[in-house]
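Visitor: I would like a close look at a single part of this model, taken slowly and with its surroundings. Please begin with one loop residue and go on from there.

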Amino acid sequence: MLQQLPFVLSNTVSDDDGRQHPYSRIRLKMLQCLVARLLDKILKFYAKTFSTSPLNITREIYTSLAKHIETYFLFRENKIINVASGVDIANPDIARLLKKFRLLNEFQKDTPSFWIRHPEKYMEEIVESTLSLLTVTYEQMQRNETSQKTLEPVHFLAMLDIKATWFRKWMHGYYSRTVVLKLLEKKYKSLIAAAVQQCCDYIESCEIGINDTVQLSSMLNQQEISNKQRRPFYTEKELYYIYFVHSVCLLGRLLIYAHGRKLFPVKTKKRNEPVSLMDLIVLIIRILCRNPNVAHRSLTGQSDSYSPASLVVEVLRLLCDRKECATECLYKSRVLDALLYPISALLKGRQVYSNGDEITLTYIADVLARIASTEGGLSLLLYGENAKTAQKEITSSAHTIVQFTKKLLTDEIAAASESEVSPLLKGAFIFVCRQMYNTCEGLQVLIPYGLHKCIAEAWKKASLLSERAPTPVAGVESSTSVAQELQNSMQWEEMLLDSLLNFAATPKGVLLLQQTGAINECVTYMFSRFTKKLQVSRCEKFGYGVMVTQVAATAPGTVALESSGFIQALVSELWSVLECGRDDTRVIHPKSTPIDPIDRSCQKSFLALANLLSSYYAVYELTGKQKLPNKTEYFLREVPASVIDVIDRLVIINSDAKVVSLFNYEQSHTFGLRLLNVLCCSLDTLLLLEAQYKVSELLLKAQRENVTETSGRSEDFIIDGLSVERNHILVRMNLVGGPSERILPPRALQKGSDPYPWPMFSSLPLPKCYLPENAKGSTLKQDADFSKILLSSKKHEKHIGWPESCRKQFSKTMIAKPDAIQGVVLADLLEKFVMHVSDTSSECYFSIPEYKGDTNLKNQTLSSEQQLGIKMTVRYGRQMNILKDSAEQDLTWLLKHSENFLKKQQTPVNSPLRCLQGGYAGHDWFASSLFLIMSGDKDRALKFLQRFASLLVSAFLWLPRLYASIHLPVDIIKSGIHPLYSCISHYIEMLLKQEVPLVFSAFRMSGFTPSQICLQWLVQCFWNYLDWCEICHYIATCIVLGPDYQVYMCLSVLKHLQPEILQHTQSHDLQIFLKEEAITGFQVHKYLEYMENLEQAYRPMIMTDMKKIRQQSD
């Protein structure tokens, strides 16, 4: 019979007309065999059929077997063993039943791989028969309401597949998942209710103290490790536990799908109220927190995958990894409170249940870190469930976590019975805080706790201990333990360094890192990981590019990068792709001739070098007061080791020795000229390079030499790639102006008979064609209403409300008639406004000593950079028809007095940083701008600066104001980091993430930071980026409306540039675009209403922090 049965089945089973009467009789015979002495043979037949027959046959076999088992549980309940009696596998009835379940389970796990190839109704029958079987006993017990607990089908399935692998596979594909969820919702919701009930029962057993989880999970874990046969006997507790494990895995898989979450709430038999989705999440978190002390081998690498904590954490990790799941399930205050309950209890000195062990706390920290690594989770931790960033102060969540972390670091908390907290637990909670403080908004919340100081202290202790650790000696018994202890100590030290390093992800964090004294060690550690191409962390999508850029924006960060070897490695990598490597590597195929000015192979190195040298402070620390090597001979394999060497070999090629030392002269020199062009976009860098290396003179000389020999004319230039690059740079260096005030020649040839119509030159001044005709300044009429405000200031000089009236009228006029605020009107406005507010004690932030002037100005000399800056300013003023012929002497007089005035408020600084040796390193762009606003009136400008210096806005608008200032704390002065970077740039990045998230993401992807380009804009008062009219409006807006408008101004500009930023992010040249291109089409008055809205939302927070610059930074 058995040999012929497959043939009979294949010829009797029909799916077309539903006539299966012959099979029904055969099916009945098979069911009879399942309970007779032919059981073993019929089971072998079932197994053979499952493995060899098509799905239309195996479906019938499977459903018949499932129906048979279901009938067994339905009508022979008197023979079903009570759970309290346990399960003896040697019992023949139990053994036969387990064999049947094994067949079902093997088919359940195999069939998802091929059932998509068959009609959906096949799968529906298989799924429905399975769910019907698993729910039959639970529904029966609910109907009978008996207190006696008998074995259920799930018990047997859990013995064979404890982690519900079958359910995971069924839920993986959309094809089967849809059917499973539909049937669960319509008919078999009791399966979910039973699983939830098991979780509730487990919690109850924990509360009444009858839980043996440690032994049970260890038993299951050892059974899996040893891969032995199934246990011969399952006790009552073991049966309940495997059912519980199966239920947790099933529920966890259900929760990650939207339709699975919609199945809640569910009604359980022991609760009056239905169990909602939030109830279930809190329930499984309670299971995590109630986890008994698991064997400490878990901390050393061998995890117990069957412990409740491991099971729950696996579920929570699945939810964290899916944004939609996390938003719906975890980003809730109730869930966060449940996670933080053990931590809060320990902070209050109370015992957490009966066990607050380290493993449980480490698991909690892991979940919190995953929550904090996402936008929604971070917002929940920092501000609560329904809070807005600017309107909420610190809440209990972030407060609790950082307090607990600090106490762990200082060993003020011992988890459970531990005498000393392990580094693993400390590191886990530091990592949670790290996900917060490596963002601007998170750092803003955590700053008051001084966590950077605690981590730095812990690192110093760990470093000291690792130095004192004895060296392992071969042959000594204790050498193994000593080596392990030394390795653990080094890992702990590296983890602390890594945590400190992550403060460098934000502008303010760089300052905090510098104040710890560990910035050099952190950057060295970063370089070691960078060279190995290691990931920043498991929660970080991008590499170290952002951190390198943030660090390079400051003088101490640049020095740390240089001492770590990072810059040398960067230069060496550049040289290997541009020219040659250090070693003679075998070349199989010659390099292709580059088509683009910067070849694709060099693009990454070019951007990395541009990022590194984006800040003037970085350039000054690396090149300031240093001469070029200018050797008489360069070897072909001589690789540069510093930025000075790169400038010497690629930029300033002023000898034949340099030319012949390059394998690819044109390509390499083009690279150097492109780099020079990017550097010269920073006016301070331009002045530095011009003062030290006479760059313009060298470029003009190169142009004079680049003429045709056959031509009789001296100005018949050869048009090639290098001459076009030099022409562009010369115009950029010698002509100042915004988008409509100068014309920069293109760096690409055009098609046609005249490929380059722009005139080249080899001497100054520039040809007039690079200056637009409409670039001249114009005389404008005054606005009547605004004039009345200015006139009223004379009548009410001491009127307290006048500044506020002036602010309102200023905003109104700026929006309606922006052209009215220029020239004389602007100068009068600024002068009278500053005069009024400087006479108001509440508006004065700095105390200013009396300055009577210095008559000995003839013996005082300004720096070379200042002198070149004066010439540039006067040239720009004459270009705009603002200044007279004697303006150069007047501006020199103003800057000398300004320098003497500020020196009376400076303190001597002893620092290795070049930028802190001598006077302010750079040109005073604000004073120069003011000189132009005052139409070259030096006395008026000086009086304005003396009054202006007492206002808070002067600290951020006038950079030399705070150089080595006595008003700053000593540690801030020695850091060499200006508050414009640590405060203003910090809030620009923070608010950019909130207000223009696409632009913020674009910066993150590019490895460039908003703070760097904004710092350059603000330092040079938007010179070369905006037209003079808009520069005046920017300065007036910040002085009249408040210093926080610097933040709003940069946000407005970045919002205005959003389309271009997104476009250039895709083309991987965002930083080059932002530095080289002027801000076209931007007008301050068009964005003033937007800025006012930002003021209403963020001013309290920003102004509070700006006013703290005199305080010691914590």
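Guide: The residue to begin with is Thr-439, which is found in the loop between helix H21 (423–437) and helix H22 (440–446); the model is a predicted one, and what follows should be read in that light. With a relative accessible area of 14%, Thr-439 falls under the 20% cut-off and is therefore buried. Its side chain has polar partners on the backbone: a polar atom of the Thr-439 side chain lies 2.7 Å from the backbone oxygen of Met-436, and the backbone nitrogen of Gly-442 lies 3.1 Å from a polar atom of that side chain. Once the neighbours within four places in sequence are left aside, Thr-439 is in contact with Leu-378, Thr-506 and Lys-993.

Other loops hold backbone features that deserve a careful look. Most residues other than glycine have a negative phi, and most peptide bonds are trans. Against that background, Ala-964 has a positive phi of about 50° although it is not a glycine; Ala-964 sits in the loop between H45 and helix H46 (970–975) and, at 8% relative accessibility, counts as buried. Cys-1021, likewise not a glycine, has a positive phi of about 55°, is placed in the loop between helix H49 (1010–1019) and H50, and is buried at 0% relative accessibility. As for cis peptide bonds, one runs from Phe-264 to Pro-265, with omega near 5°, and Pro-265 belongs to the loop between helix H13 (258–261) and helix H14 (277–289). Another joins Leu-764 and Pro-765, with omega about 5°, in a setting where Pro-765 lies in the loop between helix H37 (721–734) and helix H38 (784–795).

Turning from loops to a helix, H44 (residues 938–948) has Arg-940, Ala-941, Leu-942, Phe-944, Leu-945 and Phe-948 buried, and the elements that cover these buried residues include helix H40 (823–838), helix H42 (887–903), helix H43 (925–933), helix H45 (953–957) and helix H50 (1028–1041). At the start of H44, a side-chain oxygen of Asp-937 reaches to within 3.4 Å of the backbone nitrogen of Asp-939. The axes of H43 and H44 come within 9 Å and cross at roughly 130°, which makes H43 oblique to H44, and H43 passes H44 in a right-handed crossing. In this contact, Phe-926, Ala-927, Leu-930 and Phe-931 of H43 meet Lys-938, Ala-941, Phe-944, Leu-945 and Phe-948 of H44, and the residues divide into eight nonpolar, no polar and one charged.

Technical notes
Residues are numbered from 1 along each chain as its sequence is written. This is a predicted model: local features need pLDDT of at least 70, side-chain atom pairs count only at pLDDT 80 or more; totals for chains, interfaces and linings use all residues. Side-chain values use heavy atoms; hydrogens and water are left out. Buried means under 20% relative accessible area, exposed over 50%, partly exposed in between (1.4 Å probe, protein chains only). Helices (H or I, at least four residues) and strands (E, at least two) are DSSP runs, numbered from the N terminus. Contact means heavy atoms within 4.5 Å. A polar contact is a pair of N or O atoms within 3.5 Å; within protein, one must be able to donate a hydrogen and the other to accept it, and residues adjacent in sequence count only if both atoms are side-chain atoms. Axes are lines fitted to C-alpha atoms, for helices over the stretch in contact, and angles run from 0 to 180 degrees between N-to-C directions. Angles under 35 degrees count as roughly parallel, over 145 as roughly antiparallel, 65 to 115 as roughly perpendicular and the rest as oblique. A crossing is left-handed if the near helix is turned anticlockwise from the far one by less than a right angle, and right-handed if clockwise. Ala, Val, Leu, Ile, Met, Phe, Trp, Tyr, Cys and Pro count as nonpolar, Asp, Glu, Lys and Arg as charged, and the others, Gly among them, as polar.
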